[in-house]
Amino acid sequence: MSEKPEFSVEKHVAGLREGSVQALSDSIYLLKDKRIFLCLFAAHLAVEKAVKAHVAREIKDIPPFIHNLPKLAEIARIELTKKQRNLLADLTFYNISGRYQESVGKPPPISEVKAIVRQSKEMVEWLIETL
């Protein structure tokens, strides 16, 4: 019987931080190509990884395999502004629409997508800074 490998919070947090930055870069790249649903999906992923870094630090274990950003922020005990809570809720919706875009209709206008990506970038930067 093999033993469970020792969990390193700091290694896990570092991996999530790096993954968050990469997903944000992907989101910005996809925005330039106007691949809206994938762009928003990558923005969600970027914020999710940054929030999960906080979760890992809080619970000292691997974060739960969920994608609900408001719930993850709650687990991490991150104090959010109303604007930040709204962004997490919006991004959670876009996580689903990115997976099932054929079922959700038209994407949001490009101006709204640009605003969401900008807010996601600000959120990722803040989350990483506050780790």
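Which side chains meet in a salt bridge with an N to O distance of 2.7 Å? In this model, which is a predicted one, they are those of Arg 57 and Glu 10. The pair links distant parts of the chain, since Arg 57 belongs to helix H2, residues 36-59, while Glu 10 belongs to helix H1, residues 9-32, and the two are 47 residues apart. As for their surroundings, Arg 57 has a relative accessibility of 27% and therefore counts as partly exposed, and Glu 10, with a relative accessible area of 47%, is partly exposed too.

Let me put that pair in context. With a cut-off of 4 Å between the side-chain nitrogen and the carboxyl oxygen, the count comes to 6 salt bridges, and I will go through two others.

One of them joins the side chains of Lys 71 and Glu 74, at 3.6 Å from N to O. Both residues lie in helix H3, residues 69-76, where they are 3 residues apart, or about one turn of the helix. Lys 71 is partly exposed, at a relative accessible area of 37%, whereas Glu 74 reaches 56% relative accessibility and so counts as exposed, because the exposed class begins over 50%.

The other joins Glu 125 and Lys 121, whose side chains meet in a salt bridge at 2.5 Å, again taken from N to O. These residues are 4 apart in helix H5, residues 110-129, which means that about one helical turn separates them. Glu 125 is partly exposed, with a relative accessible area of 40%, and Lys 121, at 35% relative accessibility, likewise counts as partly exposed.

Key. Residues numbered from 1 in each chain as written. Predicted model: local features only at pLDDT ≥ 70, side-chain atom pairs only at ≥ 80, totals over all residues. Heavy atoms only, no water. Buried < 20%, exposed > 50% of the residue type's maximum accessible area, 1.4 Å probe, protein only.
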